[in-house]
Amino acid sequence: MAAVSTIAEDISAREFRNLDDLKESMDEAGSSFDMILLNTTIHREGDGLDFAAWVRRKNVKVGFVFITKSQEYYARAFQVFATGYLLYPFDVRELQNCINFFNQKTVFERRASIMIKEKGGKWGRIFLRNITFIESDNRDIRIHLEDGQEKISYQKLSQVESQLTQPNFVRCHQSYLVNLYFVDELAHNQFIIKDQEIPISRKYQKEAREAYYNYMFSKI
C-alpha cells in the first residue's frame, strides 16, 4: 500500500491478497473500513464489483475506489456509488483527490442535523446521516432512522424539508421525502430502501428520477 502511505501519515491501511481474507476481516455490518481500494477483476471477471455490491448491502457509508486497466465496469461502479474509478497508469494525486472528496463529504454528513420538537414537547437533534426517509401522516411527521427507530413530530412535511441542507434528500410524493444515500433500487414508481417501498407520485416522477441519477453520477 505504498501509494496510500505517501498521501497522508494519519491513514491506517491494510493490504489483502484475496477477497476471502478481506471478507473475513469485515464485521457483520461491513463497517471495518472507511474506504476500500480494489480492482474491478481480481480472480474472475467483475468479482471486485460483486464484492463491492456485497459490502454495499451491509454498509451504505463505506467508500470504494476502483483501480483498473479497463473502462468496461464503469457503469457497475456507478451502481455501487463508487467514490473513484482510476485507470492505470494514474497519478497518485488522483487517489489523493478521491480520498479528500470522501473525507470532506463524510465530515459534512457527520455534522449536518435538524432540530425537531417531538410529541410531548421535547426538543431533539437528528443527524441527517441517520435518516433513511421521512413520511407525513396527517400532521404527524415520522422520521425513519437507519437503526430502525422512528421520531415523531407534529408539523408539516414542508417545514422539515426546508431544514434539509443536503442534496441527497428528495421529495418523491406529497407525503414522502427520501435520503438517496440509502436507496437500494429505483423501480418504476417507487424507491426501495431495505424492505420499505416508498411511492413516487406522478407529480414528482421526473424530479425524483433526475435527482436519483444526478446523485449517483456525483458519487463517481
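**Entry 1, a hairpin.** I started at H144, which stands opposite E150 in strand 8. I then looked up the pairing around these residues: strand 7 (residues 140-145) and strand 8 (residues 150-154) run antiparallel and are joined by five bridges. I also checked the turn of this hairpin, where four residues sit between the strands. Within the hairpin, G148 takes a positive phi near 95°. A reminder to myself before going on: this is a predicted model.

**Entry 2, the whole chain.** I stepped back for an overview of the protein chain. I counted seven helices and 13 strands in its secondary structure. The chain has 220 residues, and buried residues make up 43% of them. I looked at contacts as well: among those between residues at least 6 apart in sequence, 47% join residues at least 24 apart.

**Entry 3, an open sheet.** Next I turned to a sheet of three strands. Which order do its strands take? I found 1-2-3, with parallel pairing, in a sheet that is open. Strand 1 (35-38) and strand 3 (84-87) stand at the edges with a single partner strand each, so one side of each has no neighbour in the sheet. From one strand to the next, the twist averages 15°. As general background, I noted that strands of a sheet pair through backbone hydrogen bonds, in either a parallel or an antiparallel sense.

I then followed one pair in detail. Strand 1 pairs with strand 2 (residues 63-68) in the parallel sense, over four bridges. L38 is a handy residue to click on here, as it stands opposite F66 in strand 2.

What lies across strand 1 and strand 2? I found helix 3 there, running at about 180° to strand 2.

**Entry 4, the second largest pocket.** Helix 3 came up again when I looked at the second largest pocket, since I found this helix giving the most to the lining, with five residues. Helix 3 (47-58), helix 4 (74-79) and helix 7 (205-218) are the elements that each give two or more residues to that lining.

How many residues line the second largest pocket, and which lie nearest its centre? I counted 17 lining residues, with R56, Q79, V80, F81 and D184 nearest the centre. The space in this pocket comes to about 380 Å³. For anyone setting up a probe of this site, I also sorted the lining by class: 11 residues are nonpolar, one is polar and five are charged.

How values were computed. Residues numbered from 1 in each chain as written. Predicted model: local features only at pLDDT ≥ 70, side-chain atom pairs only at ≥ 80, totals over all residues. Heavy atoms only, no water. 1 Å grid on protein atoms, 1.4 Å probe; cavity = no way out; pocket = protein on both sides within 12 Å on 5 of 7 lines; lining within 4 Å. Points joined across faces, edges and corners; volume = space filled by probe spheres on them. Nonpolar A, V, L, I, M, F, W, Y, C, P; charged D, E, K, R; others polar. Pairing = 2+ DSSP bridges. Axes fitted to C-alpha atoms, helices over the stretch in contact; angles between N-to-C directions. Contact = heavy atoms within 4.5 Å. Buried < 20%, exposed > 50% of the residue type's maximum accessible area, 1.4 Å probe, protein only.
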